[in-house]
Structures are given as C-alpha cells and as structure tokens.
Amino acid sequence: MERRTAQADPQDELAARLRLLQELSGLGVRALARDAGLSSSSLSRYLSGQTVPPWTVVVTLCRLVKRDPRPLRPLWERRSSNSLPAPPKASRQVQPRPRNDLPRDAPDFTGREAQLAAVLAVVESHRGVVIDGMAGVGKTCLAVHAAHRLAADHPDAQLCVDLHGFTEGRDPLDPDSALRMLLGALDVPSERVPQEGLEELAACWRAELAGRRAVVVVDNAADAEQVRPLLPGAGDSVLLITSRNRLLGLDEVPPVSLDVLSPRESAELLARASGDTGGPEGRLAREPESAAEVVRLCGHLPLALRLAAARLRHRPGWTVGILVERLAEGAGEFDTAFAMSVRQLDRSQARLFRLLGTLPGGSFDAYMAAALADVPLHGARAMLEDLVDAHLVQQPTAGRYRLHDLVHQHARGACARQDSQAERERALGRFLDYCVHAAAAADAAMPVLSPGRLPAAGRPPAELPRFGDKNAAVAWLASEYETMIAAFETAVAVGADTHVCELPRFLRAYFARRCGTTHLNHLFERSLAAAERLGDPLRLAEAYSDLGFARYNAGRMAEAAAAYEAAGLRVSQTGDTRSEAELALRRGYLSWDRGSAEEPLELFRLAGKLYREAGLPAGAAHAAASEAWALLQLGDPEEAARRAREVLDVPHPDPAWPPTLTAHLTLGVAIAEEAPEEASEHLHRALALARADGHVNNEAWSLNCLGVGLRRMGRYEEALASHREALALLDEQFEEHWKVRFLDGYAETCRLAGLPEEALRLHRQALELAPALGYRHEEARAHEGIAALLDDTDPAAAAQHRAAGLSVLGELGAGAR
C-alpha cells in the first residue's frame, strides 16, 4: 500500500498542475481539448490522473496559457518511468513546424532491399545503427532514404550533421561542435546549453531528445569516440550513423555493412539514373555488352554509376560504346568517372569545379561560389546547376550545395595540377574575404551595441546575401555556422591574421544567441594572437577587449578584468573613441557585478559621452539604459526614470533592441508606486518583447522585474506568481549568476506577502551563491534581509547578519541599499 502511494504522488501532482493549467485557460474540457488537438476523453484522463499524457501534450497545454512547461518536466519524467503504455505519436497540431534538415531522398534509389530492412530492424530494436562501407558505396544515400522512411514516426525533428571524418583538407568535426550544432538545430536557447564540458553537453543533448521523437543522420564518422557523445538516451529518437570504418568501439550500436551493388542492381541504377526507360528499344538494351562493361568499369559503385549515367542522359547522340571508350581512358572507377564527367564541362564550369576543391568541406551557396570564382552571381548559379546535373555537385536542400568527399578530393587534386599556386591563393583569399564580409552583413542586421566597423579584411565581393531583419540573419548564420568556423580555421592555417582578427567580432551577436561562450573564448584567444602578430595597436586593443567580454560572459571575472586592463593600456594610445566607449561600457558591467557602486555609474556615463563624441547614438543609448538601471538599484528612482524615458525616445527599428528592454524595465519598476497603470504597461511590454525575441534570460529578468513592480503596487499574489515563473525559467539554466540576482528581490516580496519562512530560505540561498560568484551587493542584501526576518525571533543572529552586511557595504565603499 505504501509503495502504491509513493508511485501515485507524482501522478497526482502532475494531474493537479494540469488542472491548474485548465483553470488558467478559462475553458471547459471540450473547448480546451479542441484547442490542444486532443479528444475530450483523452484530456479528461490526463486531468484526472488516470493516464500520463505525452510530453508534447504537456508542452501544448502550457503554451495555450503562455506558461513555461519545463518546471513540469521532473514530475512528468517520474510518472512516465512508471507508466506501461508508450506515449502516442505527436500530431501535427502538437508540433506543427518540426526542423527538417534531411537531404532530399535520391529519386533513383535502387536495390538495397535487404540492407534497408536490416537498418530499419536495428533502429526498431536499438534506436541506432552504423552503416559502414567503402567510399562511394552509397552509405549516405541509404541512411537518408531510411531517415525519410522513419520521418512519419519521428515528426518532432529530422536532423543531419556531417562529421567530416574523411574530408581532405580539414580536421574531423569534434563532438563538442557537433553537439552545439545539433542543439542549435533544435532551437535550444544558448542559456540552456552548458558552456563547458563534453559530458554536460552530451547530457543536455540526451535530455532534449528524451522528450522528442526525432531522427538524426550522423554522416561520415571517423571513429567511435567522435560519435559516442551524440547517442540518444531515454526516449524514442533514433540515430543513423555512416562511416567508412567499422566502429568497433561502439558496441551499443549494431552495424549494417554495405558492399558494392550486385550486377542486376548496378544495371538497374544505370538505367534509372540515365533516364533510359525505353525498355528493349533503349540504348542499354540494344548494347548489353557495352552496358555490362560500363557497370564493370564503374566497379558497381553507385557514385561512379551515377556519374557515368549523367553523361548518357545529357548526350542523347552517344552510344553506350562511346561511353565505354571515354570511361576506359581513366585509371580507376572513381577517377575514370570523374575525369570523363569533367571533360564534358566547358571551360568556366571546369574552373569553378576545380576551385570548389579548395573549400574546406561542408556545404556552400551560390554567393560563396561566385566569390570563390570571381564570377557574377547569376553565372555561378547557372554553373552550379550544370554541375548538379553532371552529378559532380550535390544539392542536399534548395540553394545549398556540397561535394561528396571523393569528388572534393578529385577537384582538389585537379586544382593543384591545373591551376597555379597564385590562382589557388587568390581563390582562397576571395573565399575568406566573402566569409568576413557576409558575416559583417549579418551582424549589421542584429546589432547588440552600436553599428559595427566595416570589415577591413580583403575586398568585399560583388554580391552579398541581404537580411531583412535579425531573424533572417540568425537563420543564415545557423546554416553557415560550420562554414564560418571552417573559414576561421583556414585563416589561422594560412596566416590570414586580419581575417582571424575580424571574423569572430562579426559572430559575437550570433554566439550570444545560439552558441554560448566557450567556443567564443577559444576564437578570441586566437584572434588576440593574430593581433599581436599584426602589431596594430587598435586591433590589439579590440582583441583584448573582446576576449575580456567573452571571459566576463563565461563568469571568469578575474581574467576579464585582466584582459580589460590590457585593452585599456592600448586603447588610450590609439585615440579611437568608439573602442574606448565600448571598453568603458564593458568595464561598467564587470565593475557592477563585482560589487562596486559609484564606479559603474562613472563608466556608463563616460561610455555615453564617448559614444556621442563618436557620433554613435545607438551606443549612447546602451550606456544611458545601463546608467538608468544602475541608478534604480542605487536608490534614485526619479533620475532612473528620467534617463529611461530618454532612452525610449531614441528611435530604433528593432522593438526588442536591448536598450529599449532595459529602459522599459527600469521605468516600470521606478514608477510602480506613483503610476501603477503606466508602470504595468512598461513591464508587460518588456516581457512581451523578451518572449518575442526568444531570449530566456531576458524573459526571466522581465518576469522578476514585473514581480518587483507588482510588489511595489501592493499586488502581492501576482508578484509572487511572476517571481516564481522567473525562477522556474532559470532552474534549468546553467548560469547561477543570473539566478542569484533575483533571489533577494523575490525574498522581499515573500516577506511583505506574509511568507517569512520562504523569504528566509531565499535569502539564505542567495547568501550561499553570492560570495562564491562575487556578487557582493546581493551578499549584503541577503544579510540585511535575514537580519530583518530574525529581529523578533533571534536578535543575536540578526545582529550578526546586520554587521556582516554592513561590513560588505563598507568594503565596497557604498552606502546605497
């Protein structure tokens, strides 16, 4: 009986939370079921606790009432672990817009019936399979075909990542980068992605997959260690891995090995790929011996067969015998097919094909190809389509192209033989120039501080992608992330130090949204080394400043201070006002978080002055918003409100622009007592902007400020609900320094709402976190709050805490509350 009760508790609590969601919706069971895409009988069972709903249903119910579902996750997992029935498949109404990165299925997929059946059977039993075999044997084609077959049963996401285990000219993708790319593909906010540690990243990936039914293709794995962190844990997601090697160390994932096609399958693929559907009257049927010789010369390999078939398809005047003659001119099945296909290209097409071999692997678009070959965009598009028709270039998705590893190797070798070193270096330089200038264009569409400097690396390409807004820029950078990192590594390898300095600067805003800080720290460390080699004082000052900001965002405060100190010594020598302003603003953030009071205000005001002198009103608005927020925390709400209103008067096309958000929050809290209706409007406006922008930390910050504002209005129950929602959002985050900022304010609301025990618990939690993280203001506030709560029950302890709080304030030299 006791055991049954223990098992029922999570179920009862989960059902109770679901019933609360129904109450918040204001809908009856039938109406709520209709909006959630459920039957009313199913929803009744979920609300009564008779049945555990799928996680996707929990998410849908939360979204209907604009509540975050993640706090319910532990309850759902505990109950689901004891539930016998498997959760039903998600409907389109639950996940209407799943991510689908799968390449298009091969229209001429041929044979492989036994191998396909084996792949699907292994996936059914083990949720993972390794497809191994020699180069060109069709591993990726089979994996993608199987993934398309599985997509209907795995509707939440269909992903594909190339690990480049065998791409000539570049290192294999490390598991850390692969996991960050996959988590980004699932739109997991950077705040929920661990900053450091492969094990932590892998755990985050498994947790995200556990609540989804996803199919993931992991292409070109070099070894078991590269792919093991990517394996799913609990749940129904599946992984299809391809490799030229047998991954002997991956015992938990069974293999399916591919050999070449059988003679019958090879002949069928040759016919389908060449479009020879004439039956007995077709060319292949009329020349069976020549057709058999084509199959033999291609080694029964699908890639070579498709290349040969493309020649027949586009040469209706050829006999099969002519094709045999052309194939026989080569040496091996791959070089034979490649050389024969390349010979059919015109001069411009052949040159572009060779130059594509200089790219560091991965996918590319027509803009990049045009810059690489120094040709107009429309010409690059036309030539790429011709190369696709010749099966020399693949088109996995609309507008994106890639080279098979073997084709890439052939193109690279041909370029080395036929093009001069000077031409190869010019092409590589144009590629690096394009990456820097395209990244700068994307960065300009989502400015964080002030409009960035125009890139100085190389010359801008004739045409660049255009971005209508920051969302388009973020989406483009997500698709080009791998290419940008490969370009950075290439620039490091060839000593293109200007590109090494500039590219990470134009990726800062994207990294802040999607990639976290660990990788950005690594990039800026190498940028600093490049700046030192260049010996340019301004570049060196900016490199130290950027590294300091990356350190600050990673919570490495002492290292950030050291980097800022080095930047300050150099920026004063350059006379560059923009860089001096940016550094002052950054130092203000660091100084505030380390516990100073007056110094941050001075730095924010200095930054504003310098930005105005530099003619950068956007930067001045950032500084003014930061100044207003600091004034509010230091007990000057009138001046804070005045500065915040000035910021709101600065026009900007992005309503979620950071200074606007900060100003709305500052103003809302500052005027909460004297003008509650206007304050509520500003606070709710900020919350709506943060949610629309998709930044979880800013959403939590807005919720906490709303709680403070509602408390000042005397609306304690609403204030508590807002604080709780903010803390619930942060419970799954990895940066404790965000959480510690909210605890004392939440505790004060609890005290005024008549919840002294909860207030004491929150202050003590803040006191545990604040000293370790270096948040001295929060440490002092926690001591003061505990003292106030203990005055009546334990005067001696209250006195000790009050003395400790005053001691911290004395160390800071601040009398502000």
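Colleague: Are Phe 364 and Tyr 401 buried or exposed?

Modeller: In this model, which is a predicted one, both Phe 364 and Tyr 401 are buried. The term requires a relative accessible area under 20%.

Colleague: How many aromatic pairs does a search of the whole structure find?

Modeller: The search returns 5 aromatic pairs.

Colleague: Why is the pair of Phe 364 and Tyr 401 called stacked?

Modeller: The ring centres of Phe 364 and Tyr 401 are 6.1 Å apart and their planes meet at 25°. Pairing requires centres within 6.5 Å, and stacking requires planes under 30 degrees apart. Both conditions are satisfied, so the pair is stacked.

Colleague: What makes Phe 364 and Tyr 401 a pair that ties together parts apart in sequence?

Modeller: Phe 364 belongs to the loop between α17 (347-356) and α18 (366-373), whereas Tyr 401 belongs to strand β8 (residues 400-402), so the parts that the pair ties together are 37 residues apart in sequence.

Colleague: Why are Phe 549 and Tyr 552 also a stacked pair?

Modeller: For Phe 549 and Tyr 552 the centres are 6.0 Å apart and the planes lie at 20°, so this pair is stacked. These two residues are 3 apart in helix α26 (residues 537-553), which places about one helical turn between them.

Colleague: How do you know which accessibility class applies to Phe 549 and which to Tyr 552?

Modeller: Buried means under 20%, and partly exposed covers the range from there to 50%. Phe 549, at 23% relative accessibility, therefore counts as partly exposed. Tyr 552, at 12%, counts as buried.

Colleague: Helix α26 also holds Asp 546. Why does Asp 546 count as buried, and which residues does Asp 546 touch?

Modeller: The relative accessibility of Asp 546 is 2%, so Asp 546 counts as buried. Leaving out residues up to four places away in sequence, Asp 546 touches Arg 505, Arg 508, Phe 524 and Arg 586.

Colleague: How do you know that Arg 381 lies over the face of Tyr 367?

Modeller: Arg 381 is at 5.7 Å from the ring centre of Tyr 367. The cut-off is 6 Å for CZ of Arg, with a further limit of 35 degrees from the ring normal. Arg 381 is accordingly assigned to the face of Tyr 367.

Colleague: Which residues touch the most other members of the largest nonpolar core?

Modeller: That core has 164 residues, and Leu 356, Phe 364, Leu 384, Leu 387, Leu 392 and Phe 431 touch the most other members. Helix α21 (residues 421-444) gives the most to this core, with 11 residues. Beyond its neighbours within four places in sequence, Leu 356 has contacts that include Phe 364, Leu 384, Leu 387 and His 408. A second, separate core has 44 residues, among them Phe 109, Val 129, Leu 150 and Ala 273.

Colleague: What makes strand β7 (residues 394-397) and β8 a pair?

Modeller: Pairing requires at least two bridges, and 2 bridges join β7 to β8, which run antiparallel. Gln 394 stands opposite Arg 402 in β8. The hairpin has 2 residues between the strands, and Gly 399 there takes a positive phi near 85°.

Colleague: What is the strand order of the open sheet of 6 strands, and why do β1 (99-100) and β6 (255-257) stand at the edges?

Modeller: The order is β1-β3-β4-β5-β2-β6, with parallel pairing. β1 and β6 each have a single partner strand, so one side of each lacks a neighbour in the sheet. The partner strand β3 (residues 157-162) is joined to β1 by 2 bridges. In β3, Ala 157 is the bridge partner of Arg 99. Helix α8 (residues 175-185) lies across β1, β3 and β4 (214-219), at about 155° to β3.

Colleague: What is the phi of Arg 127, and what is that of Asp 374?

Modeller: Most residues other than glycine have a negative phi. Arg 127, in the loop between α6 (113-126) and β2 (128-132), has a positive phi near 60°. Asp 374, in the loop between α18 and α19 (377-389), likewise has a positive phi near 60°.

Colleague: Why do Arg 127 and Asp 374 count as partly exposed?

Modeller: Partly exposed lies between the limits of 20% and 50%. Arg 127 has 22% relative accessibility, so it counts as partly exposed. Asp 374 has a relative accessible area of 47% and is therefore partly exposed as well.

Definitions and conventions:
Residues numbered from 1 in each chain as written. Predicted model: local features only at pLDDT ≥ 70, side-chain atom pairs only at ≥ 80, totals over all residues. Heavy atoms only, no water. Phe/Tyr/Trp six-rings, centres within 6.5 Å; stacked < 30°, edge-to-face > 60°. Helix = DSSP H or I, 4+ residues; strand = E, 2+ residues; numbered from the N terminus. Buried < 20%, exposed > 50% of the residue type's maximum accessible area, 1.4 Å probe, protein only. Core = buried A, V, L, I, M, F, W, Y, C linked by side-chain atoms within 4.5 Å. Contact = heavy atoms within 4.5 Å. Axes fitted to C-alpha atoms, helices over the stretch in contact; angles between N-to-C directions.
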